[in-house]
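Hi,

Here is the structure I said I'd pass on. Have a look at it first, and then read my notes below.

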Amino acid sequence: MSDELVYTRIFDAPRELVFRCMIDPQHLTHFWGPHGVHTPIENIIVDPRPGGVFQTIMVNDADGAEYPSKGVFIEVVEPERLVWIEDDINMTTTSTFTDLGGSRTEVRIHQTNVPAAFRSPEAQAGFKSSLDRCAAYLAEVLAGNTR
Amino acid sequence: MTVPDDQLDAAFAALADPTRRAIVNRLARGDATVNELAAPFDMTLPGISKHLKVLERCGLISRSRHAQFRPCHLERGPLDSAVTWIEENRRIWTERFDKLDQHLRDIQGATDHE
């Protein structure tokens, strides 16, 4: 269970709408790129059915560098669950949408098969916590080394 | 986001051991000799040396060839690439969530109640 990354967030919006945001280019273009990067709507292809593609090209605001990413949907259960796998690195991303009532929705992003380097049997045996916590630990160690 | 896989595999394997993690922790604060590294542990010098060899083989530490006490030095490279990849991935999702939150506020405020 250590070769995984988990990110969770609660949104003040009904589940159907949050789910729609994740599969509709009109919505995705507003939030898919992190800070300093945008995702032009014309470069987003979403075909939300098993075998369909989920393709984006994030563009760096500063220098125009492009970061293409291509996934293929494995599972699409509206409005509960999306699973896609990224071709190049084989990483599987599962998004789970939970209706919390009162127009609140929890989104849980669960990534498995993170790149090979992070999932050797030895690494799994050693790190029972998530990779995320492992990274935080290592970052602390390294921070101590720089200052 | 390019990761040298072999090096990272070896580094993570080496770090799977608590003693070796403690050694890395200590070296993050500065170079140290084998004697200094052995001090906090209930372990013989050969025992510590064995751990140091594992860390050295995967490139996590290096040892001076000429200094008399051959102090150990932490090499940041392999750890840095692991941390960078994971931190970057986390940052992307955190910021995506922040922006999605804002987007949901925008569209809900614009179309209907709240």
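**Starting from one isoleucine**

Leaving aside residues up to four places away in sequence, A:Ile57 touches A:Asn43, A:Glu66, A:Tyr67 and A:Pro68. Before you go further, keep in mind that this is a predicted model. A:Ile57 sits in strand β4 of chain A. Is A:Ile57 buried or exposed? Neither quite fits: A:Ile57 counts as partly exposed, because it has 16 C-beta neighbours inside 10 Å, and a buried residue would need 20 or more. A:Ile44 is 13 residues from A:Ile57 in sequence, and their C-alpha atoms are 6.9 Å apart.

**The strands around it**

β4(A) covers residues 53–60 and pairs with β5(A), residues 66–77, in the antiparallel sense over 7 bridges. If you want a spot to look at, A:Thr56 has A:Ser69 in β5(A) as its bridge partner. The two strands form a hairpin with 5 residues between them, and in that turn A:Gly64 has a positive phi of about 75 degrees.

β5(A) then carries on to another partner. It runs antiparallel to β6(A), residues 81–86, and 6 bridges join them. Here A:Val76 has A:Leu82 of β6(A) as its bridge partner. The link from β5(A) to β6(A) is again a hairpin, through 3 residues.

**The two chains**

Chain A has 4 helices and 8 strands, in the order β-α-α-β-β-β-β-β-β-β-α-α from the N terminus on. Of its 147 residues, 24% are buried. Taking contacts in chain A between residues at least 6 apart in sequence, 44% join residues at least 24 apart.

Chain B has 5 helices and 2 strands, and its pattern along the sequence is α-α-α-α-β-β-α. Buried residues account for 27% of its 114 residues. For contacts in chain B between residues at least 6 apart in sequence, the share that joins residues at least 24 apart is 52%.

**Where the nonpolar residues gather**

Which residues touch the most other members of the largest nonpolar core? They are B:Ala11, B:Ala14, B:Leu55, B:Leu60 and B:Ile61, out of 20 residues in that core. At least two core residues come from each of α1 (5–14), α2 (18–28), α3 (34–38), α4 (45–57), β2 (72–74) and α5 (77–111) of chain B. The largest share, 4 residues, is supplied by α5(B). There is also a second, separate core of 17 residues, which includes A:Cys21, A:Leu82, A:Trp84 and B:Leu100. You met A:Leu82 above as the bridge partner of A:Val76.

**One helix with two sides**

α4(B) is worth turning around on your screen. It has 13 residues and reaches 18 Å from its first C-alpha to its last, close to the 18 Å expected at 1.5 Å a residue. Its buried residues are B:His51, B:Leu52 and B:Leu55. They lie on the same side of α4(B), because they cover an arc of only 100 degrees around the axis. On the face turned away from that buried side you'll find the exposed residues B:Pro46, B:Lys53 and B:Arg57. Just after α4(B) comes B:Gly59, with a positive phi of about 85 degrees.

Cheers

Key:
Residues are numbered from 1 along each chain as its sequence is written. Chains are lettered from A and ligands numbered from 1 in the order in which they are written. This is a predicted model: local features need pLDDT of at least 70, side-chain atom pairs count only at pLDDT 80 or more; totals for chains, interfaces and linings use all residues. Two strands pair if DSSP finds at least two bridges between them. A residue is buried if 20 or more other C-beta atoms lie within 10 Å of its own, exposed if 12 or fewer, and partly exposed in between; C-beta atoms are placed from the backbone. Two residues are in contact if their C-beta atoms, placed from the backbone, lie within 7 Å. A nonpolar core is a set of buried Ala, Val, Leu, Ile, Met, Phe, Trp, Tyr and Cys residues joined through C-beta atoms within 7 Å. The expected span of a helix is 1.5 Å times one less than its number of residues. The arc is that of the directions from the helix axis to the C-beta atoms.
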